[in-house]
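Got your viewer open? Let's take a walk through this structure, one selection after another.

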Amino acid sequence: MISAGIAALILFAGVAFFLIIGAPISISVGIASMLAMFSILDPQNALQASAQRMFTGMNSFALLAIPFFILAGVIMNNGGIAMRLVNCAKVLSGRMPGSLAQTNILANMMFGSISGSAVAAAAAVGSTMAPMQEKEGYDRTFSAAVNIASAPTGMLIPPSNTLIVFSLVSGGTSIAALFMAGYVPGILWGIACMIMAFFIAKRKGYKSNERVPFKLALKVFIDAIPSLFLIIIVIGGIIMGVFTATEGSAIAVVYALLLSFIYKTIKVKDLPKILMDSTRTTAIVIFLIGVSTIMSWVMSFTGIPKLIADLLLGFTDNMIIILIIMNIVLLIVGTFMDPTPAILIFTPIFFPIVTQFGMDPVHFGIMVVFNLSIGTITPPVGPVLFIGARVAKLKIEQVIRPLIPFFAVTVVVLLLVTYIPQLSLWLPQLLGLIK
């Protein structure tokens, strides 16, 4: 018990200390985990166990899906796909007040669902939409807030790297079930943003789009079909059991590359830079997973999750209150920690608690990812917030105030997803992926 307490103190205090002095999250987790390992094992065994845990954490076939989906996202970000999706979204948004803002939200949902990256969506769609909205007289801070608030929908609408990470950490929760479970919450997030944008645009008197002629609308849809067809190929293949999520991610790379070559937006000479960009991102994610596996082993070995579970259950046995506490913790954590390390650290702590109450792992996974996706748009560390502000050529503080109404409606959707399990479970159950 004493060694567990010492290890826990070293672990969490160490991570906090290194983060405060500005060390990267992966280095902070790695060093703190090693120091905690030394408190429970002799130096030789601690080093050996750390190396073994790190290798085991990264040596996973399912984990190969992450670098492939990252590469597919980078290819699509450079392959002219964003503009075709924006044009398609522009037709779909019709003549609603603030139609360009609605277009931005719809385009983020579509691009995010294809690339699986909120940051890529905020950059690609935001850079395309910002000049258009400014030309129509939209307030730049409002445009930036709309782009930032809607970009994380792609973290829930599959394919999603964060859901793959949760599947691994939770002991093999079905990736296909998680992917299907993300659709309704992700779409609800987008609809909530659209409703808020509608009222703000109506109050500010922003123009709607002119009616698009049928022939032009048909041409726009046809242009967008090849890009949207990627979702059908990848997700449909996974659900039907034609291939695994990892194999589907490789197919996504090939399809996106062929499409970009057909569009003539990517040349062979561009491939080294694309591969290097995706390799950098992949290396960061995979290394983070490796060092977080050491942390998870230390916590499991010392019984830290059980200690936290006993403490929480000693405070209350009311599931509603426990879920509120978890949501608050995850929302706070999300403000200073990226989703991947947060999932790796907090899933082993909270997962045993919710399973005691019979909460479905798929439902819990969606709740966790939804919480941490909100963290990507909140200061001080939110990557989507920074990218969105940079694309709009604004300071972070200029975007915070117009972002608050969108943040509020997103939290309302989070509560609905938390307390209405069928919002997450209905589609996987319908497809027979879970009982």
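Before we start, a word on what counts as a helix here: a DSSP run of type H or I with at least four residues, numbered from the N terminus. Also keep in mind that you're looking at a predicted model.

**Stop 1: helix 9**

Select residues 161-169, which make up helix 9. Just after helix 9 comes Gly171, with a positive phi near 95°.

How many of helix 9's nine residues are buried? Seven of them are, so to speak, under cover: helix 9 is mostly covered. Colour Asn161, Thr162, Leu163, Ile164, Val165, Phe166 and Ser167 to see the buried ones. Now show their surroundings: these buried residues pack against helix 4 (65-78), helix 10 (175-181), helix 14 (271-302), helix 17 and helix 18.

**Stop 2: a chain of rings**

There are nine aromatic pairs in the count for this model. Show the side chains of Phe166 and Phe351, which form an edge-to-face pair, 6.5 Å centre to centre with 75° between the planes. Phe166 belongs to helix 9 and Phe351 to helix 17, so this pair links distant parts of the chain, 185 residues apart. Are these two buried or exposed? Both Phe166 and Phe351 are buried.

Stay on Phe351 and add Phe364. Their ring centres are 5.9 Å apart and the planes sit at 45°, so this pair is tilted. Phe351 is in helix 17 and Phe364 is in helix 18 (residues 361-375), so the pair ties together parts 13 residues apart in sequence. Phe364 is buried, as is Phe351.

**Stop 3: helix 15 against helix 17**

Keep helix 17 (residues 339-356) on screen and add helix 15 (residues 304-315). Two packed helices are described by the angle between their axes and the distance between the axes. Here the angle is about 50° and the axes are 8 Å apart. That makes helix 15 oblique to helix 17. Their crossing is right-handed.

Which residues meet at this contact? From helix 15, pick Pro305, Ile308, Ala309, Leu312 and Leu313; from helix 17, pick Pro348, Ile349, Ile353 and Gln356. Sorted by type, the residues of this contact are eight nonpolar, one polar and no charged.

While you have these on screen, here's a handy bit of helix geometry. An α-helix has 3.6 residues a turn, so residues three or four places apart point the same way.

**Stop 4: Gly375**

Next, click Gly375, which you'll find in helix 18. Why does Gly375 count as buried? Its relative accessibility is 3%, and buried means under 20%. Then measure across to Gly334: the two are 41 residues apart in sequence, yet 4.0 Å apart in space, C-alpha to C-alpha. Leaving aside neighbours within four places in sequence, Gly375 is in contact with Gly334, Thr335 and Gly382.

**Stop 5: helix 8**

Finally, select residues 140-150, helix 8, where ten of the eleven residues are buried. Among the buried ones are Thr141, Phe142, Ser143 and Ala144. What covers the buried residues of helix 8? The cover includes helix 6 (99-115), helix 7 (118-135), helix 11 (183-204), helix 19 (383-391) and helix 20 (396-419).

One last selection: show Tyr138, Phe142 and Phe406, which ring pairs link into a cluster.

How values were computed. Residues are numbered from 1 along each chain as its sequence is written. This is a predicted model: local features need pLDDT of at least 70, side-chain atom pairs count only at pLDDT 80 or more; totals for chains, interfaces and linings use all residues. Side-chain values use heavy atoms; hydrogens and water are left out. Axes are lines fitted to C-alpha atoms, for helices over the stretch in contact, and angles run from 0 to 180 degrees between N-to-C directions. Helices (H or I, at least four residues) and strands (E, at least two) are DSSP runs, numbered from the N terminus. Angles under 35 degrees count as roughly parallel, over 145 as roughly antiparallel, 65 to 115 as roughly perpendicular and the rest as oblique. A crossing is left-handed if the near helix is turned anticlockwise from the far one by less than a right angle, and right-handed if clockwise. Contact means heavy atoms within 4.5 Å. Ala, Val, Leu, Ile, Met, Phe, Trp, Tyr, Cys and Pro count as nonpolar, Asp, Glu, Lys and Arg as charged, and the others, Gly among them, as polar. Rings of Phe, Tyr and Trp (its six-membered ring) pair if their centres lie within 6.5 Å; planes under 30 degrees apart count as stacked, over 60 as edge-to-face and the rest as tilted. Buried means under 20% relative accessible area, exposed over 50%, partly exposed in between (1.4 Å probe, protein chains only).
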